[in-house]
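The following exercises concern salt bridges, aromatic pairs and surface exposure. Please work through each task before reading its solution.

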Amino acid sequence: MTDSRLRSVLVYRLEGVATNQTPTFGIDDDDEGAASMEMGNLNRITDATLLSLLDYAKEYESTGGTATELYGAKSGGSAEAVRSVILGDPPPRGDAGIGSCRVVDSDTHRVVYGADAEGICYVVIAGAKYSTRAAMLLVTELSEKFSAEFGPRAATAKSGSLSKAAAKLMKATCKKFEDPEAVDKTAEVLGKVEEVRGTMAENIAKVLENSEKMEGLVEQTEVLSEQANEFRKKSTQLKKVMCWKDFKMTIMVSLAVVVVLLIILMPLIGNGGSKEDTTSDEGN
């Protein structure tokens with residue numbers, strides 16, 4: 001029978017060397033022309049030490065299989081079965097927080113696990129219908145809280161030594177994720193909130209950018225206004241200067257015309273006077 005109940009959470013310390021190497025290719029010196037490939041395993045795990053276990057559901061459903069199969073026994077058997085799963089497919093260690101989670105499904109159960117940079121592996125066991133996303137969120141939150149409280153101790157703790165100390169923390173975390181639908185809705189809402197926040201931040205950045213542009217336009221407008229006023233003043237001054245020049249030119253032309261007229265009329269006036277004098281003399 002499958003369900004969506006949260007069963008238990010476990011914390012392991014991965015023993016071994018984490019190389020995190022990428023595949024490299026080269027030529028074998030012992031065999032010219034033959035290509036050789038050296039693969040660096042992402043995690044060379046030799047063992048997994050159980051640090052803490054919380055049987056949140058207080059019991060496990062039996063699959064009817066043998067004790068070596070997953071959930072074929074109670075807590076001890078399930079912990080050993082999960083250990084075998086981890087050793088068979090070690091999770092990649094995250095650079096900051098949890099790396100990519102592994103998901104293992106059976107007919108009745110779902111196991112989700114992931115490891116942090118320190119090699120601490122967090123495992124969630126739930127019913128087969130439990131949300132994978134909710135389980136991953138649980139793994140992530142558990143890792144943050146557990147590492148914050150037991151980080152240094154987890155590196156050297158003996159098997160099972162942290163179960164009692166971490167029980168309260170693990171129960172509180174499981175309680176929060178007991179209803180996967182509520183967690184999914186919360187995560188969805190939070191995701192939308194973050195999306196809206198990002199959109200608002202982008203809009204604010206655009207407004208600030210536009211504000212800076214507006215300030216620049218205002219400054220340019222003020223500069224243009226000052227230049228226009230200066231041009232208007234200079235234009236007025238130039239107009240006055242040109243008017244004065246025109247006035248002087250008019251006076252000079254007028255004087256020149258008067259002088260020319262005087263030059264032309266003076267002889268005529270002089271000749272007229274001489275004729276009148278001659279006529280008077282003849283009469284006498």
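The structure shown is a predicted model.

**Exercise 1. A salt bridge within a helix**

Task: Classify glutamate 202 by its exposure, and describe its salt bridge with lysine 206.

Solution.
Step 1. Glutamate 202 has a relative accessible area of 45%. Buried means under 20% and exposed means over 50%, with partly exposed in between, so glutamate 202 is partly exposed.
Step 2. Lysine 206, at 43% relative accessibility, is likewise counted as partly exposed.
Step 3. In the salt bridge between glutamate 202 and lysine 206, the closest N and O atoms are 3.7 Å apart. The cut-off for such a contact is 4 Å.
Step 4. Both residues belong to helix α4, and they are four residues apart, about one turn of the helix.
Step 5. A further case involves shared partners: Asp47, Glu80 and Arg83 are joined into one network by their salt bridges.

**Exercise 2. Salt bridges with a buried arginine**

Task: State how many salt bridges the rule yields, and determine whether arginine 13 and arginine 110 are buried or exposed.

Solution.
Step 1. The count comes to 10 salt bridges.
Step 2. One of them links glutamate 15 to arginine 13, with an N to O distance of 2.8 Å. Arginine 13 has a relative accessible area of 11% and is therefore buried, whereas glutamate 15, at 24%, is partly exposed.
Step 3. Another joins the side chains of aspartate 105 and arginine 110, at 2.7 Å from N to O. Arginine 110 has a relative accessible area of 15%, so this residue is buried. Aspartate 105 reaches 47% and counts as partly exposed.

**Exercise 3. Aromatic pairs**

Task: State how many aromatic pairs a search of the whole structure finds, and decide how the rings of phenylalanine 146 and phenylalanine 150 are arranged.

Solution.
Step 1. The search finds three aromatic pairs.
Step 2. For phenylalanine 146 and phenylalanine 150, the ring centres are 5.0 Å apart and the planes lie at 40°. Planes under 30 degrees apart count as stacked, over 60 as edge-to-face and the rest as tilted; the pair is therefore tilted.
Step 3. These two phenylalanines both lie in helix α2 (residues 132-154), four residues apart, about one turn of the helix.
Step 4. Phenylalanine 146 has 0% relative accessibility and counts as buried; phenylalanine 150, at 2%, is buried too.
Step 5. For tryptophan 244 and phenylalanine 247, the centres are 5.7 Å apart and the planes at 25°, so this pair is stacked. The two residues are three positions apart in helix α4, and are therefore separated by about one helical turn. Phenylalanine 247 is partly exposed, at 46% relative accessible area.
Step 6. Tyr122, Phe146 and Phe150 together form one aromatic cluster.

**Exercise 4. A nonpolar surface patch**

Task: Locate isoleucine 269 in the structure and state which kind of surface patch includes Ile269.

Solution.
Step 1. Isoleucine 269 lies in helix α4 (residues 180-283).
Step 2. Its relative accessible area is 59%, so isoleucine 269 is exposed.
Step 3. Ile269 belongs to a nonpolar patch on the surface, whose members include Met249, Val253, Leu261, Ile264, Met266 and Leu268. The accessible area of the patch members together is about 1,100 Å².

Conventions:
Residues are numbered from 1 along each chain as its sequence is written. This is a predicted model: local features need pLDDT of at least 70, side-chain atom pairs count only at pLDDT 80 or more; totals for chains, interfaces and linings use all residues. Side-chain values use heavy atoms; hydrogens and water are left out. Patches are made of residues with over 30% relative accessible area and no salt bridge: like charges are joined within 9 Å, nonpolar side chains (Val, Leu, Ile, Met, Phe, Trp, Tyr) within 5 Å. Accessible areas come from the Shrake-Rupley method with a 1.4 Å probe; for residues, only the protein chains shown count as cover. Buried means under 20% relative accessible area, exposed over 50%, partly exposed in between (1.4 Å probe, protein chains only). Rings of Phe, Tyr and Trp (its six-membered ring) pair if their centres lie within 6.5 Å; planes under 30 degrees apart count as stacked, over 60 as edge-to-face and the rest as tilted.
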